[in-house]
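Work through the exercises below with the sequence and the model open. Try each task before reading its solution.

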Amino acid sequence: MRSFVAQTIRDLPPSGIRRFFDVAATMKDVVSLGTGEPDFATPWHIREEAIFTLERRRTTYGANAGMMELRREIARYMSKYGLEYDAETQVLVSVGASEDIDVAMRAILNPGDEVLLVEPCFVAYKPCVLMAGGVPVTIPTSADNDFRVTAADIEARLTSKTKAVLLSYPCNPTGATLERTEIESIAALLRERDLVVISDEIYSELTYGGEPHVSIASLPGMAEKTIVINGFSKAFAMTGWRLGFACGPADLIAAMVKIHQYILMCAPIIAQYAGVEALRNGAASVEAMRKEYDGRRRFMLNGLREMGIDCFEAKGAFYLFPSIKRFGMSSEKFCDRLLHEARLAVVPGTAFGASGEGYVRCCYAYSIDSIREALSRLRGFIQSI
């Protein structure tokens with residue numbers, strides 16, 4: 001039946017993360033720094049609201065764009081980043097931020113339209129562009145510039161076919177962030193261009209040691225052309241609830257709602273009530289988790305550097321992206337040997353694009369004890385080679 005599979009789908013490679021961890025799942029005594037998932041349980045008051053929702057038998061379909069109560073809370077929440085949205089026309093509640101990426105691409109792309117992607121980047125970006133009939137154009141970054149994209153990098157790849165620029169800061173997989181002055185330079189370049197900016201800000205709450213997160217949509221002239229994507233998975237430890245949202249110009253959000261209503265109808269209503277509670281009363285829990293991640297970040301970074309591994313100081317998300325170039329192996333081979341010889345799972349940098357070669361992604365959304373054991377296994381493996 002393979003011949004019946006659409007050519008675009010046949011040509012898509014499997015996720016570099018899942019493909020690798022399918023192997024790890026068959027092995028015993030594996031310590032994993034691979035999955036980008038908080039090890040915290042969803043805060044109790046959020047879970048309790050979901051239980052109460054079930055007890056009240058609120059288990060029906062909801063509005064396609066999301067229940068209005070939640071959309072209002074999202075609009076209020078986004079004001080902390082200097083953004084103002086109309087809850088009725090400029091907010092979509094989705095089944096996770098990943099859905100927003102897919103739906104945004106399908107809403108704006110015609111066949112052959114180009115989308116600029118900053119690499120290394122989240123594994124779903126390029127497939128979503130391809131499935132929407134677009135052409136992904138990658139902008140490589142490196143540790144030489146702390147994996148930051150510049151306005152000059154973007155300008156060098158703009159063409160008459162460029163329809164969108166996708167930015168993702170704080171970044172998965174590198175943990176890189178952009179400072180306000182850098183974002184202002186990018187905004188100055190794109191403000192008058194006839195294109196859409198898609199800003200994936202799912203890690204906006206998780207920044208460390210510097211200035212707070214700045215959304216490009218908050219800068220003059222940018223809200224009118226920017227789709228901001230965010231959600232509950234990372235900051236609120238709600239990965240399994242599958243709840244995200246997109247905010248942006250009314251016409252673009254209406255197009256996204258149109259697609260969303262045909263493929264998914266609505267986000268789970270129980271998760272939506274939990275989302276209202278998260279936004280209203282979850283700030284203290286988010287801050288407590290952020291502080292814990294920061295401690296883990298510094299602990300892992302120091303451990304890597306103590307064993308002579310080069311690693312720039314990531315200041316966002318919950319990932320480090322150390323270089324393994326000095327070991328003379330590809331990222332894939334390094335990770336494969338590390339898994340089989342030391343029972344330690346990390347992700348090859350190439351899972352996130354060609355410019356990830358020579359690096360591996362290490363997630364620190366795990367306990368200090370787990371990180372300590374992982375560093376011990378990594379140290380032993382390095383000594384053995």
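## Exercise 1: A histidine in a loop

The place of His-213 is in the loop between strand S6 (196–200) and S7. The model is a predicted one.

**Task.** Is His-213 buried or exposed, and which side chain makes a polar contact with the side chain of His-213?

**Solution.**

Step 1. Compare the accessibility with the cut-off. Buried means under 20% relative accessible area. His-213 has 13% relative accessibility, so His-213 counts as buried.

Step 2. List the neighbours. Leaving out residues up to four places away in sequence, His-213 touches Tyr-81, Tyr-169, Pro-170, Glu-201, Ser-204 and Thr-207.

Step 3. Look for the polar partner. The side chain of Glu-201 makes a polar contact with the side chain of His-213, at 2.9 Å.

Step 4. Check a residue elsewhere in the chain. Gly-133 is 80 residues from His-213 along the chain, and their C-alpha atoms are separated by 32 Å.

## Exercise 2: An arginine in helix H11

**Task.** Which backbone oxygen lies 2.9 Å from a polar atom of the side chain of Arg-290?

**Solution.**

Step 1. Locate the residue. Arg-290 is found in helix H11, residues 283–306.

Step 2. Classify the residue. Its relative accessibility is 18%, so Arg-290 counts as buried.

Step 3. List the contacts. Not counting residues up to four places away in sequence, Arg-290 touches Glu-205, Leu-206, Thr-207 and Tyr-208.

Step 4. Pick out the oxygen. It is the backbone oxygen of Thr-207. Thr-207 is also one of the residues touched by His-213.

## Exercise 3: Helix H4 and its surroundings

**Task.** Which residues of helix H4 are buried, and what do they pack against?

**Solution.**

Step 1. Go along helix H4, residues 68–78. The buried residues are Leu-70, Arg-71, Glu-73, Ile-74, Ala-75, Tyr-77 and Met-78.

Step 2. Find the elements on the other side of the contacts. The buried residues of H4 pack against strands S2 (91–94), S7 (226–231) and S8 (244–247), and against helix H10 (269–281).

Step 3. Look at one link in detail. The side chains of Glu-73 and Arg-280 meet in a salt bridge, 3.0 Å from N to O. Glu-73 lies in helix H4 and Arg-280 in helix H10, so the pair ties together parts that are 207 residues apart in sequence.

Step 4. Compare the partners. Glu-73 is buried, with a relative accessible area of 11%, whereas Arg-280 is partly exposed, at 44%.

## Exercise 4: Two more salt bridges

A search of the whole structure finds 22 salt bridges.

**Task.** Where do Arg-106 and Asp-102 lie, and which parts of the chain does the pair of Arg-148 and Glu-179 link?

**Solution.**

Step 1. Take Arg-106 and Asp-102, whose side chains meet in a salt bridge of 2.9 Å, N to O. Both lie in helix H5 (residues 97–108), four residues apart, about one turn of the helix. An α-helix has 3.6 residues a turn, so residues three or four places apart point the same way.

Step 2. Classify both residues. Arg-106 counts as partly exposed at 38% relative accessibility, while Asp-102 is buried, with a relative accessible area of 16%.

Step 3. Take Arg-148 and Glu-179, which form a salt bridge with the closest N and O atoms 3.6 Å apart. This pair links distant parts of the chain, 31 residues apart: Arg-148 is in the loop between strand S4 (135–140) and helix H7 (151–155), and Glu-179 is in the loop between strand S5 (162–167) and helix H8 (180–190).

Step 4. Classify these two as well. Arg-148 is buried, with a relative accessible area of 17%, and Glu-179 is partly exposed, at 37%.

Note on methods
Residues numbered from 1 in each chain as written. Predicted model: local features only at pLDDT ≥ 70, side-chain atom pairs only at ≥ 80, totals over all residues. Heavy atoms only, no water. Buried < 20%, exposed > 50% of the residue type's maximum accessible area, 1.4 Å probe, protein only. Helix = DSSP H or I, 4+ residues; strand = E, 2+ residues; numbered from the N terminus. Contact = heavy atoms within 4.5 Å. Polar contact = N/O pair within 3.5 Å; in protein donor to acceptor, adjacent residues only side chain to side chain. Salt bridge = Lys/Arg side-chain N within 4 Å of Asp/Glu carboxyl O.
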